[in-house]
Every structure is written in structure tokens, then in C-alpha cells.
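Please look at the sequence and the three-dimensional model below, and keep both in view while reading the paragraphs that follow.

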Amino acid sequence: MHFVNPQVLTHTLETKSIAGLYLTGQICGTTGYEEAAVQGIIAGANAGRAAGAAHRGEKAPVPFVLGRDEAYIGVLIDDLVTRGTLEPYRMFTSRAEYRISLRADNTDLILTRKGAEHGLVTDLERLTALDMRQTLIEDNVERLRNFKLFVTDWGSRGGNDLMGGIAAHRPGRESHKKCAEEVLGMPNVSLKMVEDIMVDVLNESPGKSNDLSSMMIPTSSSVYDTVEASVKYKSYVVRQEKDIESWRKAQGARIPPHIIYDHARMLTFSKEEIKKLDQFLPTTFAEASQISGLTPQSLVYLYHHVMKLNKETRREKREENAPV
């Protein structure tokens, strides 16, 4: 079996030294049919577009590249061409720092649009359907954002175990309101539960026709999962982006040489990651990011671990220098 260091490839999977030569699959160090297939999609799309442009006498097209925040394909290829691999590479969700945003329910919203921008998706009916789905999702989320009830009402209608329940009836909470989007973001609350209460409230509105409830059409099955997930994961996505941004700003920071890589001290790391850190002993976070097999999330954990150690070291020095 032949192997080519994938670091000699661009993000389109074209070799840097030989124009027009694209490599995919196990020769790039991957294992598994799925890993090979997704590389074929990217390499094939770029090779076909480049060949078509050359045949028509046009300049080379803009490369079709998927980012780490757009697809697991982007994570896989970026890992290979920037870090390389010392062992057969397999795609795991833990390798993706944006995995909360990379879901089956929103894949079409990201990739179909991206494909259209690069001339890979040209079916107008499909693109129109995508626009309608995007609008439907945004309208449903906006409706949840605009519907508000007192927390005591959410609690009484949702039961003591949901929607704030007992906590909603604490003194001083009577005048506090929450929108349906905030309530849906709570644990164990489903979109159907929230919308059922919205329908009930509209039906109970005094002096208004019963036809008012017809305005509250439950979210259709075609966008239900996406609406629910986008609201449920909203706070996690924001926190995730903050963590990643902190990590990016700290890549030039140094890692203390005396740090001990031990699974008992660093429970969030796998034994494999601990072994690699102990083997390479990176001196900066930038060096750590180049270690094959170390996931972006683990790099964030390493950053927080080092910051905690630095804080403890500074505290110990202050205590040592404190006057007796």
C-alpha cells in the first residue's frame, strides 16, 4: 500500500507540486469508506471545475473548500493537509470544534448554498425550496421570540417539573416574563410543549374570535428539528465560539515546561492525547495544535488547564512573599 504525506496537498486535495493531480482516500492516510468518499467529493468537484474552465479558456475557478465550521468534510481535510497523520486517520465528531453546529438537520442550509455559490447546484426548484425552508425556520424562531408570558403562567401551564415549575412561583417572579424561545431553551422542554401552550393562550384570549388559533400553526415537520435544535443549542454555540476565540488569541502563549501530562490530573483528555502531549512536549499552544490526533476541544481544555496552573503558581508566589 502506498502513502503520501497529505501535507503536500492543498485544501482542494490537489498536489502542490503537480498541478491538476488530486489525491484521495487511503493514499492520504485515511481509513474507512466514508473518509475516502468525502475526499472524492471535494477533489472531484475541484478537478471537474478546473478542467471545465481550462476547456473553455477561462481563468481557474475559485477553489471549492469547506471550512471546519461548515462540515465534517472540512474538519477531515483540514486535519490532513495542515497536521498530517502518523496513523490511519478516522473521522470522529470529537475532532470538530464546531460539532454542535454540524448537524444532520441543517446540512442542506449550509452545503446546498455553498454548492450553489460554486456552480455545483443549479436546480432552481431545489434552490427555491431551500429559500422557503430557510424563511420558514426564521419565521418560526421569530414567532417564539415574540411570544411572551409571565414565568408564573409558563410554570403553571407546564407543570412543576417543566418550564420553571416551582421556581417560577418564587416571590418576586410574578412580574417577570419569558419568551417562548427562552422557555424552549430549558432542559426537557420540547417545541411541541411550548407551541401547545401558545395555542391554548391564543384560544383563551377574551373578545377575540376562535379563528385566532389558526394563526398559531404548529411548526411543520420539514423544519421542526432545525427550529428546535437551533434554539436548544443557541447558548452552547455562543459559549463554544467564545472558547474557540480565546484559544485562537492564545496560540502564541507558552506552555510551562514543568507541566505534568497525567490522566489523573487531566480527566478530560483521552489516554492517547496524554501520551502524545507527553511525547512531543509542546512549548506553545501553536505547537500543540500541530500534534496529529489532538482535537480542537482538547486544545481548549489544555488552554484552560494551563491558565489554571499559572493562576495557582502566581498565588503561591504571593503567599511566599507575603510578610509574616
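In this predicted model, the lining of the largest pocket draws at least two residues from each of four helices, namely H3, H4, H8 (221-232) and H9 (234-249). Among these contributors, H8 gives the largest share, with 4 residues of the lining. The pocket encloses about 340 Å³ of space, and 15 residues line it, with Ser101, Arg103, Asn106, Ser230 and Val237 lying nearest its centre. When the lining residues are sorted by class, 7 are nonpolar, 4 are polar and 4 are charged.

Having met these helices at the pocket, we can turn to how some of them pack against one another. Two packed helices are described by the angle between their axes together with the distance between the axes. For H4 and H8, the axes come within 10 Å and cross at roughly 50 degrees. An angle between 35 and 65 degrees is neither roughly parallel nor roughly perpendicular, and H4 and H8 are therefore oblique to each other. The crossing in which H4 passes H8 is right-handed. On the H4 side the contact is made by Arg133, Leu136, Ile137, Asn140, Val141 and Leu144, while H8 brings Ser222, Val223, Thr226, Val227, Ser230 and Val231. Taken by class, the residues of this contact between H4 and H8 comprise 7 nonpolar, 4 polar and 1 charged. Ser230 of H8 thus appears both in this contact and among the residues nearest the centre of the largest pocket.

How does H4 meet H3, and at what angle do the two pack? Helix H3 (residues 107-117) packs with helix H4 (residues 124-146) at an angle of about 140 degrees, and their axes are 11 Å apart. That angle makes H3 oblique to H4, and the crossing of the two is left-handed. From H3, the residues Asp108, Leu109, Thr112, Arg113 and Ala116 take part in the contact, and from H4 the residues Arg126, Leu127, Leu130, Asp131, Arg133, Gln134 and Ile137. The residues of this contact divide into 5 nonpolar, 2 polar and 5 charged. Arg133 and Ile137 of H4 are listed in the contact with H3 and also in the contact with H8.

There remains the second largest pocket, which holds about 270 Å³ of space. Its lining is formed by 20 residues, of which Ser94, Glu272, Glu273, Gly293 and Thr295 lie nearest the centre. Helix H10 (271-280) and helix H12 (296-321) are the elements that give two or more residues to this lining. By class, the lining of the second largest pocket has 4 nonpolar, 9 polar and 7 charged residues.

Technical notes: Residues are numbered from 1 along each chain as its sequence is written. This is a predicted model: local features need pLDDT of at least 70, side-chain atom pairs count only at pLDDT 80 or more; totals for chains, interfaces and linings use all residues. Side-chain values use heavy atoms; hydrogens and water are left out. Axes are lines fitted to C-alpha atoms, for helices over the stretch in contact, and angles run from 0 to 180 degrees between N-to-C directions. Angles under 35 degrees count as roughly parallel, over 145 as roughly antiparallel, 65 to 115 as roughly perpendicular and the rest as oblique. A crossing is left-handed if the near helix is turned anticlockwise from the far one by less than a right angle, and right-handed if clockwise. Contact means heavy atoms within 4.5 Å. Ala, Val, Leu, Ile, Met, Phe, Trp, Tyr, Cys and Pro count as nonpolar, Asp, Glu, Lys and Arg as charged, and the others, Gly among them, as polar. On a 1 Å grid over the protein atoms alone, a cavity is a set of points where a 1.4 Å probe fits but cannot get out, and a pocket is an open set with protein on both sides within 12 Å along at least five of seven lines; lining residues have an atom within 4 Å of a point. Grid points are joined across faces, edges and corners, and a volume is the space filled by probe spheres set on the points.
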